[in-house]
Amino acid sequence: MLQHIRKLFDQIGRGESVEVRPEKDVRMISAALMAEIATADQKIDDRERSTLLQLLMSHYQLDQETAQAMVERALSERNEATSLYEFTQTVNDHFSERDKYLLVKQMWQVAFADGEIDAFEEHLIRRVAELIYLPHGLFTRARAEARDTDLPDRDQ
């Protein structure tokens, strides 16, 4: 999936027309990074999947069908990913500091959804935050706010 996203941005950079608009790619990058968190512990809990879906719907104002398709695509194509750098480079190129903060917060929300933070989840979020140059203060704030967020599916 990373290779596909990179190819699309390369085409855009060369002025080639592509069927997918750039903001769709940004949405897929967000979905893919959150899907990585949801599957970091080698299993995906229904609460994590539901949280991922809810976050995409609310943040990008997507209908449920579109968000569900993005989640399924992100989950099915995650094995094609070669490195975080390709994702994070696009984030650095297209996200403001506020958008980066919100992405990290959303990653934490997915991680907290099942009631436990796996060491792999925490490591991955820390690594992404470092690669997108999110200041440590914003990283810790994102974690605290995500932990305190009352998600409907968290207590199921």
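E122 has a relative accessibility of 23% in this predicted model, so it counts as partly exposed, the buried class being reserved for values under 20%. It is a good residue to start from, as two arginines meet it. One of them is R126, which forms a salt bridge with E122, the closest N and O atoms being 3.1 Å apart. Both residues sit in helix α7, which covers residues 119-131, and because they are 4 residues apart there, about one helical turn separates them. R126 has a relative accessible area of 36%, so this arginine is partly exposed too.

The other arginine is R143, whose side chain meets that of E122 in a salt bridge at 3.3 Å, N to O. This contact reaches across to another element: R143 belongs to helix α8 (residues 136-148) while E122 belongs to helix α7, so the pair ties together parts that are 21 residues apart in sequence. With 22% relative accessibility, R143 also counts as partly exposed. Elsewhere, K105, R141 and E145 are joined into one network by salt bridges that share partners. Altogether, the structure holds 9 salt bridges.

R141 has a further role in the picture, this time with an aromatic residue. Its charge lies over the face of Y101, at 5.0 Å from the ring centre. Aromatic rings also meet one another: the structure holds 2 aromatic pairs, and ring pairs link W108, F112 and F139 into a cluster. In general, two numbers describe a pair of aromatic rings, namely the distance of the centres and the angle of the planes.

Let us turn to helix α6, which spans residues 97-112. How far apart should the ends of its 16 residues be? At 1.5 Å a residue the helix should span 22 Å, and the end C-alpha atoms are indeed 22 Å apart, so the model agrees with the expectation. Helix α6 is mostly covered, with 13 of its 16 residues buried. Q106 is found in this helix. Is Q106 buried or exposed? Its relative accessible area is 6%, so Q106 is buried, falling under the 20% cut-off. Once residues up to four places away in sequence are set aside, Q106 touches M34, L55 and H59.

Next comes the loop between α2 (22-38) and α3 (46-60), where T39 is found. Although it sits in a loop, T39 counts as buried because its relative accessibility is 10%. Which residues does T39 contact, leaving aside neighbours within four places in sequence? They are I44, L75 and R78. R78 is 39 residues away from T39 along the chain, yet the C-alpha atoms of the two are separated by 9.2 Å.

D41 and K43 offer another salt bridge to look at, with their closest N and O atoms 3.4 Å apart. Its two partners fall into separate accessibility classes. D41 has a relative accessible area of 13%, so the aspartate is buried. K43, at 48%, counts as partly exposed because that value does not pass the 50% needed for exposed.

Now for the chain as a whole. Its secondary structure comes to 8 helices and 0 strands, and from the N terminus on the elements run α-α-α-α-α-α-α-α. Of the 156 residues in the chain, 49% are buried. Among contacts with a separation of 6 or more, 71% are between residues 24 or more positions apart.

Finally, a word on confidence. The chain averages a pLDDT of 83, and 78% of the residues score at least 70. Two stretches deserve a second look on your screen. Over residues 11-22 the pLDDT is below 50, and this stretch has 10 contacts in the model beyond near neighbours in sequence. Residues 152-156 also have a pLDDT below 50, with 11 contacts beyond near neighbours in sequence.

Technical notes. Residues numbered from 1 in each chain as written. Predicted model: local features only at pLDDT ≥ 70, side-chain atom pairs only at ≥ 80, totals over all residues. Heavy atoms only, no water. Helix = DSSP H or I, 4+ residues; strand = E, 2+ residues; numbered from the N terminus. Expected span 1.5 Å × (residues − 1). Buried < 20%, exposed > 50% of the residue type's maximum accessible area, 1.4 Å probe, protein only. Phe/Tyr/Trp six-rings, centres within 6.5 Å; stacked < 30°, edge-to-face > 60°. Lys NZ or Arg CZ within 6 Å of the ring centre and 35° of its normal. pLDDT = per-residue confidence, 0-100. Contact = heavy atoms within 4.5 Å. Salt bridge = Lys/Arg side-chain N within 4 Å of Asp/Glu carboxyl O.
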